[in-house]
Amino acid sequence: MLILGEIHTGLLRHPTSVTTGVARDLLDLVAGEPVRVSERPISCAWSPDLITGVDCPLAGTSGRAVGTVRHCAVLTGGCVVQASAYTTVDPATEARRLPWSHYISRPGHVEVLAKTPPAGLADAFLAGERGPGALDLGGICARTIDRVQASPRLDRRVALRVPRTRFRWAATVGPDRVDLLVDDGDLRTLRLALPELPAGRIADLCADIARHDWLLSSLIEVIGASALGVRAREETLPRLAPAIDTLLHLWMPAARLDGGMAAVWESLELRPGFTRQWETLVARIRDQLSVGTVEALSAGVRV
């Protein structure tokens, strides 16, 4: 069994974190379906699941993928917005295309219509080897997140300008394996092998990893743009203030993951070491604030 997914993560187009009521309105994407909200240990809201039908070529095989993709939008801390899309890839039950009722009855699954079993399908997906009209989970994510960002409840002003990231993942059954590749641009890829593959739980795990990767990448971006250690401290500290207000309190890896999925985070903490790098960056910012405060107090005493 194989599960393919992609997640896009970015900052909500609003100058402040939104309230729970606004979050519900932003994520009300399916009429009559409730938006799930949790306030502990960090505020988070989930849109209802959306289902999109697909009938298209699939990278890594000469056959077609027919079925449905499950996707949703998530808002964390009232300001970090994500769109997640995933599907489980199964061999076709028959050599011919069946009526849509068959595929709709299995939401979040696609069947591969191919004469030979696809080899290297996960690798082709992670590498982005898409031909014309091929399955595009990233396109589904982009449309979902843009739909949230287009809400009239947002005023389009942002306190912090940081890019979106794309997080593409593939999971298969097998002995535990976690391979994360951080591209120089906005793309990250994750290859997972686990003894069991509950698709929804793995999608939640990947969304959690993608969100914290975005937080870390955004903080690195802000520190680099501030020219910390190059420009005068009185110039750099105001550039860091939006990141302090918006990002620093959101770091909470594996907060909602169960033991099996949280164990994957433990391997990521060893290599590449997300939290170590985050804490180092946060300590650097706080040291600059402390030194700046001491300098300001000293200048006041001298006057």
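This report walks through a few helices, loops and one buried strand residue of the structure above.

The model is predicted, so a few ground rules apply: local features need pLDDT of at least 70, side-chain atom pairs count only at pLDDT 80 or more, and totals for chains, interfaces and linings use all residues. Residues are numbered from 1 along each chain as its sequence is written, and side-chain values use heavy atoms, with hydrogens and water left out.

**Helices α5 and α6**

Let's start with α5, which runs over residues 199-226. (Helices are DSSP runs of H or I with at least four residues, strands are runs of E with at least two, and both are numbered from the N terminus.) α5 has 28 residues and reaches 40 Å from its first C-alpha to its last, close to the 40 Å expected at 1.5 Å a residue. That expected span is 1.5 Å times one less than the number of residues. Most of α5 is covered, with 20 of its 28 residues buried. Here, buried means under 20% relative accessible area, exposed means over 50%, and partly exposed is in between, using a 1.4 Å probe and protein chains only. Just after α5 comes A227, with a positive phi of about 55°.

Next, meet α6, residues 233-246: its axis and that of α5 come within 9 Å and cross at roughly 165°. Axes are lines fitted to C-alpha atoms, for helices over the stretch in contact, and angles run from 0 to 180 degrees between N-to-C directions. That crossing makes α5 roughly antiparallel to α6; angles over 145 degrees count as roughly antiparallel, under 35 as roughly parallel, 65 to 115 as roughly perpendicular and the rest as oblique.

Who does the touching? On the α5 side the contact (heavy atoms within 4.5 Å) is made by L219, V222, I223, A225 and S226, and on the α6 side by T236, R239, L240 and A243. Sorted by class, that gives six nonpolar, two polar and one charged residues. For these classes, Ala, Val, Leu, Ile, Met, Phe, Trp, Tyr, Cys and Pro are nonpolar, Asp, Glu, Lys and Arg are charged, and the others, Gly among them, are polar.

**Helix α4 and its cover**

The 13 residues of α4 (137-149) should span 18 Å at 1.5 Å a residue, and its end C-alpha atoms are indeed 18 Å apart. Its buried residues are L137, G138, G139, I140, C141, T144, I145, V148 and Q149. Covering them are, among others, the strands β1 (2-11), β4 (50-57), β5 (64-76) and β6 (80-91), plus the helices α1 (20-26) and α3 (121-126).

S84 lies in strand β6. It is buried, with a relative accessible area of 6%. Leaving out residues up to four places away in sequence, S84 touches E6, I7, R70, H71, C72 and C141. S84 and D204 are 120 residues apart in sequence, yet 8.9 Å apart in space, C-alpha to C-alpha.

**Backbone oddities in the loops**

Here are four loop residues with their backbone features.

| Residue | Loop | Backbone feature |
|---|---|---|
| P41 | between β2 (36-38) and β3 (44-46) | cis peptide bond from R40, omega near 0° |
| P272 | between α7 (259-270) and α8 (274-302) | cis peptide bond from R271, omega near 15° |
| R156 | between α4 and β8 (165-173) | positive phi of about 75° |
| A254 | between α6 and α7 | positive phi near 60° |

R156 is not a glycine, and at 41% relative accessibility it counts as partly exposed.
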